[in-house]
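Student: I have a model open and want to practise reading it. Can we go through it by question and answer?

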Amino acid sequence: MRTFLVLMMLALGPAPFAYATEKHATEKHAAEEHQPAVVTLSPEQRRMLGLRVMTLSREGQRLRRLSVPAEITNNQYRTWTVPVRVDSQVRQRAATLGQHLRRGDAIATLFSPVIADLQSDLRAAADAWRRVSALGRRAVGNGRYLETRGRYQALRARASGYGLSEADLKAVEKGEGSSGLYTLRAPDDGLVLTDRFQQGEWLVAGRALVTLVDESELWAEAALPPRPGLTVPAGTPARVVVGDSELPGEVVQAGHRLDPVTRTLRVRVRVPNPEHLFHPGMFAEVTLALPLPPDALVVPETALTRGADGDWQLFVEERPGRYRPREVRAMGQLEDRRLITGVPEGTRVVTAGAFFLAGELAKSGFDVHAH
């Protein structure tokens, strides 16, 4: 009887174990069907394809460089338009186009009947003020003292507004110079960028005589392509190249609206130009050193392929010879490299041969969604 029971247990025992093993195999097969496809290659195949792999790292990738075309322009904050402030005739030119002027240098000698009357009134007011101030407030009375001083100061301010310098005003008060003649002078150091007058020409008040620009500091107006998420903060370092000459620069302004004609984003770079190497109107190339997003990594363009659904993907090396696709987000382009997110630092990815791996997946008919 005992022998019979042992034989029955041996006959029935393996059945539940076999059922469990079969069930486990079925579940494993179903799970594998939901996993992204894997491409496996032998060492010989990898050598034949020239397959190369790199480890993603942020080391040395804190900055990305973006090169864009630009034009050298005058610094509008260091540019002066020198107008005629009262109807005048040009009697003599003192400055020429392209000339570097110092502050106070003569631009042109002009004649105006209004200035002639003003000079006469100022001389008289200066004489009256000298007498009154010598006598003192008590001797002439407070009213006369204030009236005389006020008229003298008002005429002086009016003449200064017409462009007469302090030295010119003192000469008028002394009775020096010709009636009606006055000199317009440079308000600061600068290059004569434009001049729009001829000797003998009558100019109306407000007419620009010359434009002066301080070329020791210029701007480079760069045009950036419209890329979502691309920001260029003020203070971003830049290199400005014209021909064989290169100068360092710094972003001072970045636009927030696209140019309606060129559909580009304008960025203004300040360029110190102490040796006057660059001049307004030159074409240049500006290279910006932009900080990378904190979660971005850089890969060669050859590492990226399109998946079955059109999304960008990388091939991650799980172990030598075993490669699995991984969807990523491709961002800004850096020459032959791209910024990507979606994989952690330290991941090993295929940089050469990815196109072949993508082709193998397409032939196998896998629909890859590795999110």
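Student: How many bridges join β13 to strand β16?
Tutor: This is a predicted model, where local features need pLDDT of at least 70, side-chain atom pairs count only at pLDDT 80 or more, and totals for chains, interfaces and linings use all residues. Residues are numbered from 1 along each chain as its sequence is written, and side-chain values use heavy atoms, with hydrogens and water left out. Strands (E, at least two residues) and helices (H or I, at least four) are DSSP runs, numbered from the N terminus, and two strands pair if DSSP finds at least two bridges between them. β13 and β16 (residues 283-291) run antiparallel, and the number of bridges joining them is four.

Student: Which residue in β16 is the bridge partner of Arg239?
Tutor: Arg239 belongs to strand β13 (residues 237-242). Its bridge partner in β16 is Thr287.

Student: Which side chains of β13 point to the buried face?
Tutor: Buried means under 20% relative accessible area, exposed means over 50%, and partly exposed is in between (1.4 Å probe, protein chains only). Side chains alternate along β13. Pro237, Arg239 and Val241 point to one face and are not buried. Those that point to the other face and are buried are Ala238, Val240 and Val242.

Student: What is the strand order in the open sheet of four strands?
Tutor: The pairing in this sheet is antiparallel. β4 and β6 (100-101) are the edge strands, as each pairs on one side only. The order is β4-β11-β9-β6.

Student: Which residue in β9 is the bridge partner of His100?
Tutor: β6 pairs with strand β9 (residues 190-195) over two bridges, in the antiparallel sense. The partner of His100 in β9 is Leu191.

Student: How far apart are the C-alpha atoms of Thr96 and Thr194?
Tutor: Thr96 lies in the loop between β5 (88-93) and β6. At 41% relative accessibility, Thr96 is partly exposed. Thr96 and Thr194 are 98 residues apart along the chain, and their C-alpha atoms are separated by 9.0 Å.

Student: Why is the pair of Tyr77 and Trp219 called edge-to-face?
Tutor: Rings of Phe, Tyr and Trp (its six-membered ring) pair if their centres lie within 6.5 Å; planes under 30 degrees apart count as stacked, over 60 as edge-to-face and the rest as tilted. The count by this rule is two aromatic pairs. In the pair of Tyr77 and Trp219, the centres are 5.1 Å apart, and the pair is edge-to-face because the planes stand at 90°.

Student: How many residues apart are Tyr77 and Trp219?
Tutor: Tyr77 sits in the loop between β3 (63-74) and β4 (79-83), and Trp219 in strand β12 (residues 217-224). Tyr77 is exposed, at 62% relative accessible area, whereas Trp219 is buried, at 3%. The pair links distant parts of the chain, and its residues are apart by 142.

Student: What is the angle between the planes of Trp129 and Tyr145?
Tutor: Trp129 lies in helix α4 (residues 113-135) and Tyr145 in helix α6 (residues 142-161), so the pair ties together parts 16 residues apart in sequence. Both residues are buried. This edge-to-face pair measures 5.3 Å centre to centre, and the angle between the planes is 65°.

Student: Where does the charged end of Arg306 sit?
Tutor: A charge sits over a ring if NZ of Lys or CZ of Arg is within 6 Å of the ring centre and within 35 degrees of the ring normal. Arg93 lies over the face of Phe197, 4.1 Å from the ring centre. The charged end of Arg306 is 3.7 Å from a ring centre, over the ring of Trp312.
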